[in-house]
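This report describes the fold, ion pairs and interior space of one protein chain. Please keep the sequence and the model in view while reading.

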Amino acid sequence: MTGPRSPGRLLTRLLGARCGPRLPKLCGGRRPGARRTLLLGTACAIYLGFLVSQVGRAAPRPRDAAGRAQPRGGRAAGAPLAEGPWAGTVGAPEPRGAGSALPLNVVYITLRSRRSKPAHIRGTVRPKRRKKPALASPRPGPGRNVSAAPSPGPRRSAAHAPPGARTRGSGAPAGGRESGIRIYSESAPSWLSRDDILRMRALADGALARAPGSRAHLLLLGAGAPGSARRCGPRACGLLRRPLDLSEVFAFHLDRILGLNRTLPAVGRRSELIQDGRPCPLILWDSSLSPASNETHSSVKLTWGTYQQSLKQKCWQNGRVPKPEWGCTEIHHHEWSKLALFDFLLQIYNRLDTNCCGFRPRKEDACVQNGLRPKCDDQDSVALAHIIQRKHDPRHLVFIDNKGFFDRSEDNLNFKLLEGIKEFPESAVSVLKSQHLRQKLLQSLFLDKVYWESQGGRQGIEKLIDVIEQRAKILLTYINAHGAKVLPMNE
């Protein structure tokens, strides 16, 4: 009976039940007209008032967050009166006590005035900038400082400089000639030391002259320097090789990337002293090397048999002094592991396999031309060649004559170079496993402008790297298959 439609039905039933029997008497009886009209008007007024009161009660109440109906006062009991839109205005409803309530049929409506835009205050609006026409730069006169004027365009970074551009640390020689060693970054690659860069620049950019009283392929570096000596030793010299030996430049960079550091710096060089001006490898001549014999070009006399015996004894490893009957030399045991790994990647046979007994040689190979191929029956007596030490450091080797062969197929690789080797250097093996060998070789070989161009640019260099990467995979498979150890060899 409290729904929105119940008031009308309730009043109708009340009138029908209570006044139903008497209404015909009041309306249709013998009553005066004025009294009849007064009764009808009073009944209608009472009916309208009752309807209005019922409509006010039946209006839906607002609910709180918990879903309960709030009281008619518009706020929960005990809650403070929030600041409504009428706060501070005239005629706002005042708060009442707990026992009082607002009229149920009164609705307060407050109209807010629309906020108008504030007027722009002078000085707060940023004026529009007008583009001024570019003024022509004045011509430099005798009293103007041209060097202090800023350059109109943005500066190009050294990494994006074109080939041949002068950059920080590029080492371009004086006289306007381009340097043969190009470095377009703040520093050289980490595997090349400061001494390596200085020696490479001396080989690539220094003036050349033939050393008096020496062989024709030994050249003085920096011949134009006043007051300098005219012989090798006090003066830096370079050993000039044939154009076919350009792979020695590749061998130098590979040695530094693998962390072996056993080769001498080498660069590609063109000069008027070189026949036909073809690029040739120019290798730093080191006066600290021990003297070598004329037959084997080695500072140590070793045969294949004594070499294999010394590998079993692990001479000088862990600081152990070898016994005289072991047949050891002054060379540390780890040096042979580095040499074998290096020679296998480049397939250099003129040190450990001078008779070409571990592969099928070609007619142009030295062993065939010198008639050494048939002497493979007694390999233990075959002498090793190009085994060189330094005078002040006999424990370590220096790799010379590093001409590599990139045209040897995979089924003709010389595995005799790895015979007797049970340990390999960790620094080199980690580079071969890291998948960064190609990136490092490209970055390193790009420094040598003459060698890079002589191989046909990046396309030719990529082909050489493909060969080395494939041989590296074969070497890693060999290490795993034979159970060879990978040890740190930084003694």
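Is E423 buried or exposed? At 3% relative accessibility, E423 counts as buried, where buried means under 20% relative accessible area, exposed means over 50%, and partly exposed lies in between (1.4 Å probe, protein chains only).

## Basis of the model

The model is predicted, with local features requiring pLDDT of at least 70 and side-chain atom pairs counting only at pLDDT 80 or more, whereas totals for chains, interfaces and linings use all residues. Residues are numbered from 1 along each chain as its sequence is written, and side-chain values use heavy atoms, with hydrogens and water left out.

## Overall architecture

The protein chain contains 12 helices and nine strands; these are DSSP runs numbered from the N terminus, helices being H or I with at least four residues and strands E with at least two. Of the 491 residues in the protein chain, 36% are buried. The exposed surface of the protein chain is about 31,300 Å², of which carbon and sulfur atoms supply 54%; accessible areas come from the Shrake-Rupley method with a 1.4 Å probe, and for residues only the protein chains shown count as cover.

A contact is defined by heavy atoms within 4.5 Å. Among contacts in the protein chain between residues at least 6 apart in sequence, 63% join residues at least 24 apart.

## Salt bridges

Side chains of opposite charge can pair when their charged atoms come close. A salt bridge here requires a side-chain nitrogen of Lys or Arg within 4 Å of a carboxyl oxygen of Asp or Glu, and by this rule the count comes to 20. In one of them, K403 and D245 meet at 3.8 Å, N to O. This pair links distant parts of the chain, 158 residues apart: K403 belongs to the loop between β7 (397-398) and β8 (423-425), and D245 to the loop between β3 (237-240) and α5 (247-257). K403 is partly exposed at 23% relative accessibility, whereas D245 is buried at 2%. Salt bridges that share partners join both of these residues with R241, R242, E248 and D401 into one network.

E423 takes part in a salt bridge with K314, the closest N and O atoms being 3.2 Å apart. K314 lies in the loop between α6 (304-313) and α7 (333-346) and E423 in strand β8, so this salt bridge ties together parts that are 109 residues apart in sequence. K314 is partly exposed, with a relative accessible area of 29%. A further salt bridge joins the side chains of E469 and R438 (2.8 Å, N to O). Here E469 is in helix α12 (residues 457-482) and R438 in helix α10 (residues 437-445), so the pair ties together parts that are 31 residues apart in sequence. E469 is partly exposed, with a relative accessible area of 23%.

## Helices α5 and α6

How many of the residues of α5 are buried? The helix is mostly covered, with 11 of its 11 residues buried. Among them are E248, F250, F252 and R256. After α5 comes G259, whose phi is positive, near 80 degrees.

Helix α6 includes Q308, which counts as buried at 15% relative accessibility. Leaving aside residues up to four places away in sequence, Q308 touches E419 and G420.

## Positive phi outside glycine

H297 is not a glycine, yet its phi is positive at about 55 degrees. H297 is placed in the loop between β5 (280-285) and α6 and is partly exposed, with a relative accessible area of 41%.

Q347, also a residue other than glycine, has a positive phi near 55 degrees. Q347 lies in the loop between α7 and α8 (366-369) and is buried, with a relative accessible area of 0%.

## Interior cavity

The structure holds one cavity of 30 Å³ or more. On a 1 Å grid over the protein atoms alone, a cavity is a set of points where a 1.4 Å probe fits but cannot get out, and lining residues have an atom within 4 Å of a point. Grid points are joined across faces, edges and corners, and a volume is the space filled by probe spheres set on the points. The largest cavity encloses about 40 Å³.

Which residues line the largest cavity? The lining consists of W304, L352, D353, N355, C357, Q379, V382, L384 and K416. These residues divide into five nonpolar, two polar and two charged; Ala, Val, Leu, Ile, Met, Phe, Trp, Tyr, Cys and Pro count as nonpolar, Asp, Glu, Lys and Arg as charged, and the others, Gly among them, as polar.

Conventions: On a 1 Å grid over the protein atoms alone, a cavity is a set of points where a 1.4 Å probe fits but cannot get out, and a pocket is an open set with protein on both sides within 12 Å along at least five of seven lines; lining residues have an atom within 4 Å of a point.
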